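Visitor: I am new to this structure and would like a close look at a single part, taken slowly and followed outward from there. Please walk me through it with care.

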Amino acid sequence: MAADTTHSADTMKCLVYDKSSMPWDSSRGFQVSRQPVPRLDESVRRADADCALIKVLYAGFCGSDRGIWNRVAFKGMIFDSLKREQSTVRIIGHELVGEIVAIGSNVASRYSLGVKDVVSTESHIICGTCYQCRIGQTHICSQDVIIGIGRDGCFAEYIKLPANSLWPTDTRRIRTKVAAVQEPFGNAVHACTTADLRGRTVAVFGCGTIGLFVVMVARALGATRVVGIEPNPRNAELARKLGADEVITITPTANGAQPWSADKDVVQAVREACGGIGADVSMEMAGFNSSVNNAIQSTRRGGDVILFGLKQGNFHIQAFDRMIVNGLKLHSVIGRRIFETWYITRNLLEDRSNGIQDHIFEDILGGGEESVVHIDDFTPESFEKTLAAWPKPLIRF
Ligand SMILES: [Zn+2]
Ligand SMILES: [Zn+2]
């Protein structure tokens with residue numbers, strides 16, 4: 001229909017995966033689409049009383065969005081949820097900063113939020129009633145739904161969200177573009193607050209965007225030595241700039257017997273870099289099986305291994321008995337503790353003395369010019385170039 005390309009107050013521009021026109025196995029990327037603007041209508045949906053409509057300002061493009069773009073991740077969650085909704089179109093995106101433009105009747109009194117407030121959002125929408133939710137472990141709610149995957153997301157001019165997921169943000173203290181990446185930055189904060197880093201040596205396996213955040217957060221939380229392990233020279237350089245004491249370059253062709261084996265040279269280099277005994281805390285941010293084994297073997301006896309990198313399927317753990325005998329503590333980290341992690345995230349970003357906010361703006365977002373793409377300028381071809389050039393592209397709406 002012609003209306004698809006003309007502006008209408010009832011529809012909005014967004015980036016979607018459309019299963020009817022984009023076969024999962026033979027397509028890539030997202031398409032620009034016009035979809036209905038979400039509405040608050042309490043006469044139809046009582047739950048809208050506790051929701052807000054947000055005008056998206058900037059949305060962050062995440063590693064998991066790259067996974068959907070390349071059709072290597074989240075197929076099951078997207079297809080199952082589309083089936084439930086009897087729809088074929090999923091609006092992607094889960095990292096945002098935006099402005100509230102409408103609120104349900106409970107929002108002001110229950111959540112102290114109002115029109116014109118600037119907010120980010122927790123991307124995992126929780127049920128509030130399951131066992132985990134009731135014992136305060138909402139980040140592992142058994143019914144959680146991630147926006148942009150299991151329901152429509154924020155690569156859109158507007159998004160409707162439950163007010164209890166929103167996170168008010170003071171853009172006088174946190175730059176608007178930096179505020180768009182509070183959610184992934186919060187992943188790093190959650191990972192770094194899972195073990196005590198004060199006065200400790202920390203090895204960061206994989207210095208992609210969240211690994212780079214981890215380098216800065218570990219430093220700010222009191223780690224005395226931060227060692228990065230990274231194959232990409234540009235990321236390795238960034239890790240040094242952001243505060244890593246040392247970055248060990250690793251070649252993707254593993255120096256091990258099997259694709260999943262630890263790289264003996266890397267393990268030895270990390271152990272040497274961490275006082276000759278190994279890291280107090282290893283952060284596995286890459287998600288490769290070999291990297292998991294590197295992390296386990298590089299950790300000192302009794303140390304902590306934080307597992308954040310995510311891959312489907314079976315992994316081999318080498319020398320399982322040594323892991324037990326060495327008394328390692330393994331922790332899986334997902335999402336952010338709601339909202340404990342968000343408060344620490346806010347404190348770290350608002351405290352300008354640690355340099356984190358400026359590093360994010362200058363070094364990760366590159367000053368927020370070329371890494372930002374306006375939705376009107378979006379084409380899949382040009383965006384592939386942005387994806388190749390920037391660790392954390394932002395989309396402006
Ligand atoms: Zn993400
Ligand atoms: Zn729950």
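Guide: Helix H10, residues 289-298, is largely enclosed by the rest of the structure, because ten of its ten residues are buried (20 or more other C-beta atoms, placed from the backbone, within 10 Å of a residue's own; 12 or fewer make it exposed, and anything in between partly exposed). Those buried residues of H10 are Asn289, Ser290, Ser291, Val292, Asn293, Asn294, Ala295, Ile296, Gln297 and Ser298. This is a predicted model, in which local features need pLDDT of at least 70 and side-chain atom pairs count only at pLDDT 80 or more, whereas totals for chains, interfaces and linings use all residues. Residues are numbered from 1 along each chain as its sequence is written, while chains are lettered from A and ligands numbered from 1 in the order in which they are written. Helices (H or I, at least four residues) and strands (E, at least two) are DSSP runs numbered from the N terminus.

The cover over the buried residues of H10 includes strands E11 (201-205), E12 (225-230), E14 (279-284) and E15 (299-307), together with helices H9 (264-273) and H11 (320-325). With H9 the packing can be followed residue by residue: the axes of H9 and H10 are 9 Å apart and make an angle of about 40 degrees (axes are lines fitted to C-alpha atoms, for helices over the stretch in contact, with angles from 0 to 180 degrees between N-to-C directions). The crossing of H9 over H10 is right-handed, the near helix being turned clockwise from the far one by less than a right angle, where anticlockwise would be left-handed. Val266, Val267, Val270 and Arg271 of H9 make this contact with Asn294, Gln297 and Ser298 of H10, contact being C-beta atoms, placed from the backbone, within 7 Å. By class, these residues of H9 and H10 comprise three nonpolar, three polar and one charged (Ala, Val, Leu, Ile, Met, Phe, Trp, Tyr, Cys and Pro are nonpolar, Asp, Glu, Lys and Arg charged, and the others, Gly among them, polar).

Strand E15, one of the elements covering H10, holds Ile306, which counts as buried with 27 C-beta neighbours inside 10 Å. Leaving aside neighbours within four places in sequence, Ile306 is in contact with Ala191, Thr194, Ala195, Val281, Ser282, Met283, Glu284, His331 and Val333. Ile306 also lies 10 Å from Ala203, C-alpha to C-alpha, although the two are 103 residues apart in sequence.

Ala191 leads us onward to helix H6. Helix H6 (residues 182-192) and helix H7 (residues 209-220) have axes 8 Å apart and pack at an angle of about 55 degrees. That angle makes H6 oblique to H7, since under 35 degrees counts as roughly parallel, over 145 as roughly antiparallel, 65 to 115 as roughly perpendicular and the rest as oblique. The passage of H6 across H7 is a right-handed crossing, with Pro184, Phe185, Asn187, Ala188, Val189, Ala191 and Cys192 of H6 meeting Thr209, Ile210, Phe213, Val214, Val217 and Ala218 of H7. The contact of H6 with H7 is made up of eleven nonpolar residues, two polar ones and no charged ones.

H6 has another partner in helix H12 (residues 340-350), whose axis comes within 9 Å of that of H6 and crosses it at roughly 105 degrees. H6 and H12 are therefore roughly perpendicular to each other. Here Gln182, Phe185, Gly186, Val189 and His190 in H6 meet Thr341, Trp342, Ile344, Thr345 and Leu348 in H12, and the contact of H6 with H12 has five nonpolar, five polar and no charged residues. Ahead of H12, the loop between strand E16 (329-332) and H12 is the place of Phe339, and the peptide bond from Ile338 to Phe339 is cis, with omega near 0 degrees.

To set this part in the wider chain, the domain assignment gives domain 1 (2-181 + 365-396) and domain 2 (185-332), such bounds coming from an automatic or database assignment. The C-alpha centres of domain 1 and domain 2 lie 31 Å apart. A separation within the chain can be followed from Leu238, a residue of helix H8 (residues 233-241) that is buried, with 24 other C-beta atoms within 10 Å. Leu238 touches Cys207, Leu212 and Asp363, not counting residues up to four places away in sequence, whereas 34 Å separate its C-alpha atom from that of Asp117, 121 residues away along the chain.

Terms used:
Two residues are in contact if their C-beta atoms, placed from the backbone, lie within 7 Å.
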